[in-house]
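This report goes through the model shown below, from one residue on its surface to the wider layout of the chain.

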Amino acid sequence: MFCGKKCSLFCLFISIWGTIQLLLMGMSYSLNSVSMIQTLPLKETYKSLQQFRTECDHLNGTLALRCYVAAMLYALFALCSYICFCTRKRRANMQKIKPKSKKAQLKKNRFT
């Protein structure tokens, strides 16, 4: 389809790793993890603590949704890479089974 077996396998592993990482990040944002507060695009100052909490909750939800969507895209890319890998592997196995030419068959039959 798009690339060879090695490239498909590499893309498959990278996509699986990216999917897992983005799912974990999305879960961290969904749980309002304090360790992820540095990545939030917050303002410098807020009028009240309630305004700060509301803004943090909104941003955490937004970033969690973005991480989940990106994880789904990575999963779809992993599926495409897997299909490409299996297709290339099947083609390679079929080429091993097929005789190369009539001359090659005659030479093989003559020596056996």
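## Tyr82 and the nonpolar patch

Tyr82 has a relative accessibility of 45% and is therefore classed as partly exposed, since that class lies between the limits of 20% for buried and 50% for exposed. The structure is a predicted model. Tyr82 belongs to helix α2.

On the surface, Tyr82 is part of a nonpolar patch together with Leu65, Val69, Leu73, Leu76, Leu79 and Ile83. The accessible area of these residues together is about 690 Å². Membership of a patch requires over 30% relative accessible area, and Tyr82 has 45%.

## Overall fold

The chain contains 3 helices and 0 strands. Read from the N terminus, the order of elements is α-α-α. The chain has 112 residues, of which 21% count as buried.

## Annotated transmembrane regions

The unreviewed UniProt entry places the feature "transmembrane region" at residues 7–31 and at residues 63–85. Such annotations may be inferred rather than shown by experiment.

In the model, residues 7–31 are 96% helix and 0% strand. The C-alpha atoms at the two ends of residues 7–31 are 36 Å apart. For residues 63–85 the helix content is 100% and the strand content 0%, with 32 Å between the end C-alpha atoms.

## Positive patch

Lys5, Lys6, Lys89 and Lys96 form a positive patch on the surface. Two helices contribute to the positive patch: α1, which covers residues 5–30, and α2, which covers residues 49–97, each supply at least two of its residues.

Lys5 is located in helix α1. Its relative accessible area is 37%, so Lys5 is partly exposed. The value of 37% for Lys5 also meets the patch requirement of over 30%.

## Backbone at Asn32

What is the phi of Asn32, which is not a glycine? The angle is positive, at about 55 degrees. Most residues other than glycine have a negative phi.

Asn32 sits in the loop between α1 and α2. With a relative accessibility of 37%, Asn32 is counted as partly exposed, because the value falls between the 20% and 50% limits.

Notes: Residues numbered from 1 in each chain as written. Predicted model: local features only at pLDDT ≥ 70, side-chain atom pairs only at ≥ 80, totals over all residues. Heavy atoms only, no water. Helix = DSSP H or I, 4+ residues; strand = E, 2+ residues; numbered from the N terminus. Patch = residues over 30% accessible without salt bridge, like charges linked within 9 Å, V, L, I, M, F, W, Y side chains within 5 Å. Areas by Shrake-Rupley, 256 points an atom, 1.4 Å probe, with all protein chains shown as cover. Salt bridge = Lys/Arg side-chain N within 4 Å of Asp/Glu carboxyl O. Lys, Arg positive; Asp, Glu negative; His and termini not counted. Charge placed at Lys NZ, Arg CZ, Asp CG, Glu CD. Buried < 20%, exposed > 50% of the residue type's maximum accessible area, 1.4 Å probe, protein only.
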